[in-house]
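Biologist: Please pick one part of this model and take me through it closely. Keep the terms defined and the sentences short.

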Amino acid sequence: MVNEIPGVNMLELKLQGFKIHELPAIVEVPAVHGRRDFYKMGLVTGEMTVGYGGEVLELSGTVLFFVNPRVSRSVVRRSVNTTGYACIFTEAFMPAIVKKSPLWNASENPMIPLNIEQAAFMTGIFQKMLAVHHSDYSYKRDVIKNCIELIVHEALAIQPPARSLQNGAARITHSFIDLLERQFPIEHTAAPLKLRTPQDFAAKLAIHVNYLNRAVKEATGKPTSVHITERIAAEAKALLKHTDWSVADIAYALGFEYPTYFNNYFKRITGTTPKSFRQV
């Protein structure tokens with residue numbers, strides 16, 4: 001006999017950590033900002049501007065997207081006819097796929113353009129997940145996981161990761177970016193940011209800081225310090241916009257000893273003060 005919990009749908013309980021929905025045909029134009037604790041994957045057709053980890057991406061047509069929860073993002077849909085599907089899931093729901101797949105690498109472009117044939121194939125998989133998710137099939141969790149894995153592998157076949165890990169510089173850079181992103185998002189002020197300088201990361205990776213700087217510059221075209229600065233600034237913006245923490249609390253959470261140091265840092269990077277940025 002299956003134990004029942006009053007008021008709880010047991011099939012839904014089994015699928016805890018996963019949700020899928022169809023995007024509405026008519027959408028509002030204003031920006032939608034987000035930073036959550038789940039991974040997101042979807043298929044969307046339309047024109048839009050996406051802000052992802054400090055970069056702005058212009059999209060048109062049909063794309064497959066993969067969103068890392070550690071990266072702040074904003075979306076502006078520039079078409080009222082944007083359509084598609086999106087699913088979200090926790091790392092616990094698909095631990096192996098999110099850890100091993102480069103599609104959720106925070107340093108990679110999260111969007112993969114699709115042609116008509118590819119878009120039709122992916123649409124069928126998302127429709128299958130949606131139908132199964134709303135069914136009473138006892139093993140729908142397994143079906144959904146298989147669908148996610150199929151989408152991931154098809155996506156990798158369509159567009160392999162741009163950054164090869166065949167050389168030492170690329171491997172070091174990958175390790176640095178991964179270490180940097182693991183510190184985010186910051187959820188509370190009790191555990192402030194630990195790694196804030198190239199020297200900090202070099203020590204953690206057990207390599208000389210000069211080697212780290214050369215590798216990162218060779219692989220990305222940007223110095224290590226710029227990557228760190230851009231990421232801390234992006235996190236600061238997210239915390240200012242999406243939390244009610246005081247500026248002082250945000251400063252301490254980001255590893256600044258005094259709020260004035262954070263104020264000066266933020267103004268130097270963005271051209272405005274944290275308080276002014278929050279009020280916009």
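Modeller: What follows is a close look at the central sheet strand β3, then at the neighbouring elements and a few single residues.

This is a predicted model, so local features need pLDDT of at least 70, side-chain atom pairs count only at pLDDT 80 or more, and totals for chains, interfaces and linings use all residues. Residues are numbered from 1 along each chain as its sequence is written, and side-chain values use heavy atoms, with hydrogens and water left out.

The protein chain has 11 helices and nine strands. Both are DSSP runs numbered from the N terminus: helices are H or I with at least four residues, strands are E with at least two. Of the 280 residues, 41% are buried. Buried means under 20% relative accessible area, exposed means over 50%, and partly exposed lies in between (1.4 Å probe, protein chains only). Take contacts with a separation of 6 or more: residues 24 or more positions apart account for 72% of them. A contact means heavy atoms within 4.5 Å.

Now to β3, residues 39-45. Five of its seven residues are buried, so the strand is largely enclosed by the rest of the structure. Strands of a sheet pair through backbone hydrogen bonds, either parallel or antiparallel. Here, two strands pair if DSSP finds at least two bridges between them. Strand β3 is joined to β8 (residues 83-89) by seven bridges, and the two run antiparallel. Six bridges join β3 to β6 (residues 62-67), again antiparallel. Single residues show both links. Met-41 has Cys-87 of β8 as its bridge partner. On the β6 side, Met-41 stands opposite Phe-66. Gly-42 has Phe-65 of β6 as its bridge partner. In a regular strand the side chains alternate between the two faces of the sheet.

Step back to the whole sheet. It is open, with five strands in the order β1-β8-β3-β6-β9 and antiparallel pairing. The edges are β1 (18-23) and β9 (111-113); each has a single partner strand, so one side of each is left without a neighbour in the sheet. From one strand to the next, the twist averages 10 degrees. Axes here are lines fitted to C-alpha atoms, for helices over the stretch in contact, and angles run from 0 to 180 degrees between N-to-C directions.

Two helices lie across these strands. Helix α3 (residues 116-133) crosses β1, β3, β6, β8 and β9, running at about 125 degrees to β1. Helix α4 (residues 140-158) lies across β1, β3, β6, β8 and β9 as well, at about 115 degrees to β6.

Just before β1 sits Gly-17, in the loop between α1 (10-14) and β1. Gly-17 is partly exposed, at 23% relative accessibility. Gly-17 and Ile-88 are 71 residues apart along the chain, yet their C-alpha atoms are separated by 7.9 Å. Leaving aside residues up to four places away in sequence, Gly-17 touches Ile-88, Phe-89, Thr-90 and Phe-93.

Next, the helix packing around α5. Helix α5 (residues 168-181) packs on α6 (residues 198-205) at about 110 degrees, with axes 11 Å apart. The two are therefore roughly perpendicular. Angles of 65 to 115 degrees earn that name; under 35 is roughly parallel, over 145 roughly antiparallel and the rest oblique. The contact uses Ser-175, Phe-176, Leu-179 and Leu-180 of α5, with Phe-201, Lys-204 and Leu-205 of α6. By class, that is five nonpolar, one polar and one charged residues. Ala, Val, Leu, Ile, Met, Phe, Trp, Tyr, Cys and Pro count as nonpolar, Asp, Glu, Lys and Arg as charged, and the others, Gly among them, as polar.

The axes of α5 and α8 (residues 224-242) come within 11 Å and cross at roughly 25 degrees. That makes α5 roughly parallel to α8. From α5, the contact takes Phe-176, Ile-177, Leu-180 and Glu-181; from α8, Thr-224, His-227, Ile-228 and Arg-231. This contact has four nonpolar, two polar and two charged residues.

Last, two backbone details. Most residues other than glycine have a negative phi, and most peptide bonds are trans. The bond from Phe-184 to Pro-185 is cis, with omega near -5 degrees. Pro-185 is in the loop between α5 and α6. Ala-206 has a positive phi of about 60 degrees, although it is not a glycine. Ala-206 lies in the loop between α6 and α7 (209-220). Ala-206 is exposed, with a relative accessible area of 68%.
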